[in-house]
Amino acid sequence: MKRICLYLFAVLMSVSAMAQSKNPYRNPILYADVPDMSVCFDGQYYYMISTTMHLMPGAPIMRSPDMQHWETVSYVFPRIDDGDRYNLIGTTAYGKGQWASSIRYHQGKFYVWFSANGAPGRGFVYTAEDPTGEWTLLSRPRHFHDGSLLFDDDGRVYLFHSTGQLTELKADLSDALPGGTDMKIFERDADEQGLLEGSNAFKYNGKYYLMMISMDWSIPGRLRREVCYRADRITGPYEKKVILETEFEGYGGVGQGCVVQGKNGEWHALIFQDRGGVGRVPCLMPCTWKDGWPILGDENGRIPNNTDIPHTSMKGICGSDDFASDKLSLYWQWNHNPIDEAWSLTERPGCLRLKTGRIVDHLFVAPNTLTQRMVGPKCTGVVCLDISKMKDGDRAGFSAFNGDSGVLTVEKNGKKTELVMSEQKTRFDRSHAIREVKTEEMARIPFKKKKIYLKIDGEFGLDKDLAVFSYSLNGKDWTVVGRPIKMVFDYRRMFMGSKFAIFNYATKQLGGYVDVESFEYK
């Protein structure tokens, strides 16, 4: 009887996986920078958390009824106050900050763990009963790399982290268990000498599972892939299996993410892929159980992809804004901590007022730069700026923002107002202070209007990743300026996909401001 039940279970899982693989969706399921995904299910919705590093508010919580259509419903924290690097003073937190979070639903509550990468490098544990509302900071444990929470059946709590490291936590998640030590639960085999990180731990049918990304750049032709370790006891011994290893759409392999079980027993996997300038994009696929292993992909082990239909709408993640609300839309994130007294949605209702908050030398250390993800394969952003209250030395505008940025800048120089199109490339030192910004100016156009429209068209694809820049003085007639700018993903600098960015900063004096009247996103 037991064999028959197990056989029927396997058949049902296989049928479920086949049904999922034929669902009409196109990968990547979110064509934007949403890396290091962790997902939990509360019986009604899937909740996902992703990495946003130095952007504030941080740790976005996204919700979906079906793993396909996602919307941002909250952020775990409003800011990180771990030193001046998060305020763009002296140095920066680009590529640092909130990394590789873990979200879990346990006994009616949601828990999030993440570590703030870079000095002082401590962890954060947050909790919430309603993940769409405010999250409460529970503790600041010590740093663990790429951790994954596991609530065991006996009430004990563990964190899998680094490369095969296990640490038991206090039951209240306030810190590691006193007297406990980090345990090495497995050693790399001969085939795992490269990158092995991005832990996702879970328990199923009495066994412990740990998924990780595997990559070895020293082996020619080796794809990034997802491997799984499993054991009957949490301390091991563990055995390993490669559960996903496939090229996808010319960008190489797909690795790092999670699996989650749904309401009807079905399993889904969400694994990301590096796609150049647009960033790291999540790919949805079935998870089929075979011989006690979670095998990812369709029946042929490949990423399911229906190219006859358009990509999933990103409306819940990014979009237009008329700034009619007195609260900032969840579409937006500030570059580093904002200066709260230097922006307002109420001083001129229907506009976002960006005041100059600090005298700085360039865009990359300017506070209160407001960002949204750029989206593939094509996207357009148009911002309308009232620049009538700018002061001498002020710089306001719109950017395709990354370590190499294309920038449309309205410059106020004495009584002259000019639109400048440039490419700006950063160079960081080891502390992540910006050592140099190399600027290539491509156009300088004087004008006298008090309102200007700035447009950026983004196109992302193999060997493409370009941003094109235009302006208009009436919102109807557009002039392309400069040349297309190549958008670059660089883990050594910002470590993020390209963003639309609206900015206003001072180089000589404070007191000026611009009003952002609208932002149109297609």
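**Exercise 1.** Which residues does Ser 102 touch, not counting residues up to four places away in sequence?

*Solution.* Keep in mind that you're working with a predicted model. Start by placing the residue: Ser 102 sits in strand β6, which covers residues 97–106. Next, list what it touches beyond its sequence neighbours: Ser 38, Ile 49, Tyr 111, Val 112, Trp 113, Gly 147, Ser 148 and Leu 149. Now look at Leu 149 again: its backbone nitrogen lies 3.1 Å from a polar atom of the Ser 102 side chain. One place to check alongside is Leu 150, whose C-alpha atom is 9.4 Å from that of Ser 102, with the two positions 48 residues apart along the chain.

**Exercise 2.** Work out whether Ser 102 and Arg 222 are buried or exposed.

*Solution.* The cut-off for buried is under 20% relative accessible area. Ser 102 has 2%, so it is buried. Arg 222 comes out at 14%, so it counts as buried too. As for where that arginine sits, look in the loop between β15 (207–215) and β16 (225–231). Leaving aside neighbours within four places in sequence, Arg 222 is in contact with Asp 191, Ser 214, Met 215, Asp 216 and Glu 245.

**Exercise 3.** Find how many disulfides the structure holds, then check Cys 258 and Cys 283.

*Solution.* A search of the whole structure turns up zero disulfides. For Cys 258, the nearest cysteine sulfur belongs to Cys 40 and is 9.6 Å away. The cut-off for a disulfide is a pair of cysteine sulfurs within 2.5 Å, so that pair doesn't qualify. For Cys 283, the nearest cysteine sulfur is that of Cys 258, at 12 Å, and Cys 283 is in no disulfide either. On accessibility, Cys 258 is buried at 1%, and Cys 283 is buried at 0%.

**Exercise 4.** Lay out the sheet that contains β1, and say which strands are at its edges.

*Solution.* Begin with the order: four strands, β1-β2-β4-β5, make an open sheet with antiparallel pairing. The edges are β1 (38–41) and β5 (71–77), each pairing on one side only. On average, neighbouring strands here are turned by 25° against each other, direction ignored. Then zoom in on one pair: β4 (residues 58–64) is joined to β5 by five bridges. Across from Arg 63 you'll find Glu 71 in β5.

**Exercise 5.** Decide where to be careful with this model.

*Solution.* Overall, mean pLDDT is 94, and 95% of the residues reach 70 or more. Residues 1–21, however, stay under 50, and the model has 17 contacts for them beyond four places in sequence. Where pLDDT is low, the predicted coordinates shouldn't be read in detail.

Technical notes
Residues numbered from 1 in each chain as written. Predicted model: local features only at pLDDT ≥ 70, side-chain atom pairs only at ≥ 80, totals over all residues. Heavy atoms only, no water. Helix = DSSP H or I, 4+ residues; strand = E, 2+ residues; numbered from the N terminus. Buried < 20%, exposed > 50% of the residue type's maximum accessible area, 1.4 Å probe, protein only. Contact = heavy atoms within 4.5 Å. Polar contact = N/O pair within 3.5 Å; in protein donor to acceptor, adjacent residues only side chain to side chain. pLDDT = per-residue confidence, 0-100. Pairing = 2+ DSSP bridges. Axes fitted to C-alpha atoms, helices over the stretch in contact; angles between N-to-C directions.
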